[in-house]
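Hi everyone, thanks for making time. Let me put the structure up on the screen, and then I'll talk you through it.

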Amino acid sequence: MTSTVKLYSLPLSSVKTYFFAVLFIAGNLILPQIAHLIPQGGFIFLPIYFFTLIAAYKYGIHVGILTAILSPVINNLLFGMPPVAVLPSILVKSVFLAIAASMLAKRFEKVSIVALILAVLAYQFAGTLVEWILVNDFSVAIQDFRIGIPGILLQIVGGYFVLKALQKV
């Protein structure tokens with residue numbers, strides 16, 4: 001499935017870059033709080049990545065990277081989640097997601113399920129390898145694949161529908 005949508009690559013010098021980053025960071029603050037109402041909700045739904053995917057795909061690398069870095073850090077400072085011990089792994093995965101999503105959006109020039117699958121799998125595989133190196137525990141590193149499949153699917157399917165809803169923005 002594909003859908004034509006306006007995609008941007010906003011520069012760091014644009015006020016719009018920071019405006020959209022703030023909006024997506026807010027989404028990445030609210031969604032994890034909702035997910036954490038469910039036991040293991042953060043591990044299952046991987047909510048910290050959702051709006052990073054949307055930000056990077058729709059508005060480019062700068063909005064994506066700002067969202068990827070600031071969302072986990074602000075969440076940690078305000079709510080203690082993610083815990084400091086896992087913050088490096090989440091930051092690495094978030095940055096990989098922002099890079100993959102922005103590159104694939106530029107390559108495909110439209111919203112595509114295939115592009116979203118590739119973006120999510122790219123950050124998950126690359127992030128898992130880095131996490132394995134950081135924590136030296138393969139079982140911990142593959143946790144997203146063991147219990148986070150609903151979150152991975154939410155990112156792909158939900159991301160598609162959110163991006164489609166943003167067609168005219």
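Let's begin at one small spot: right after helix α3 comes Gly60, and its phi is positive, near 100°. A quick word on names: helices (H or I, at least four residues) and strands (E, at least two) are DSSP runs, numbered from the N terminus.

Before going on, some ground rules. This is a predicted model, so local features need pLDDT of at least 70 and side-chain atom pairs count only at pLDDT 80 or more, while totals for chains, interfaces and linings use all residues. Residues are numbered from 1 along each chain as its sequence is written, and side-chain values use heavy atoms, with hydrogens and water left out.

Back to α3 itself. Helix α3 covers residues 50-59, and 9 of its 10 residues are buried. Buried here means under 20% relative accessible area, exposed is over 50%, and partly exposed is in between, using a 1.4 Å probe and protein chains only. Among the buried ones are Phe50, Leu53, Ile54, Tyr57, Lys58 and Tyr59. So what covers the buried residues of α3? The cover includes α1, α4 (61-79), α5, β2, α6 and α9 (149-165), where contact means heavy atoms within 4.5 Å.

Now let's zoom out. The protein chain has 9 helices and 2 strands, and from the N terminus on they run β-α-α-α-α-α-β-α-α-α-α. The radius of gyration is 15 Å, close to the 15 Å that the globule rule gives for 169 residues, so the chain is as compact as a globular protein of that length. That radius is taken over C-alpha atoms, and the rule is 2.2 Å times the number of residues to the power 0.38. The C-alpha trace spans about 40 × 30 × 30 Å along its principal axes. Of the 169 residues, 44% count as buried. And among contacts between residues at least 6 apart in sequence, 72% join residues at least 24 apart.

Next, charges. Side chains of opposite charge can pair when their charged atoms come close. We call it a salt bridge when a side-chain nitrogen of Lys or Arg is within 4 Å of a carboxyl oxygen of Asp or Glu. How many are there by this rule? The count comes to 2. One is Lys93 with Glu131, the closest N and O atoms being 2.9 Å apart. Lys93 lies in helix α5 (residues 87-108) and Glu131 in helix α6 (residues 113-135), so this pair ties together parts that are 38 residues apart in sequence. Lys93 also bridges to Asp144, with the closest N and O atoms 2.8 Å apart. Asp144 sits in helix α8 (residues 143-147), 51 residues from Lys93. Lys93 and Glu131 are both buried, and Asp144 is buried too. Together, Lys93, Glu131 and Asp144 are linked in a network of salt bridges.

One more inside spot, then the outside. Ser112, in strand β2 (residues 111-112), is buried, with a relative accessible area of 4%. A polar atom of the Ser112 side chain lies 3.1 Å from the backbone nitrogen of Val114.

On the outside, the accessible surface comes to about 8,500 Å², of which 75% belongs to carbon and sulfur atoms; areas come from the Shrake-Rupley method with a 1.4 Å probe, and for residues only the protein chains shown count as cover. Ile34, found in helix α1 (residues 15-35), counts as partly exposed at 49% relative accessibility. That's where I'll stop, thanks!

Notes. Polar contact = N/O pair within 3.5 Å; in protein donor to acceptor, adjacent residues only side chain to side chain.
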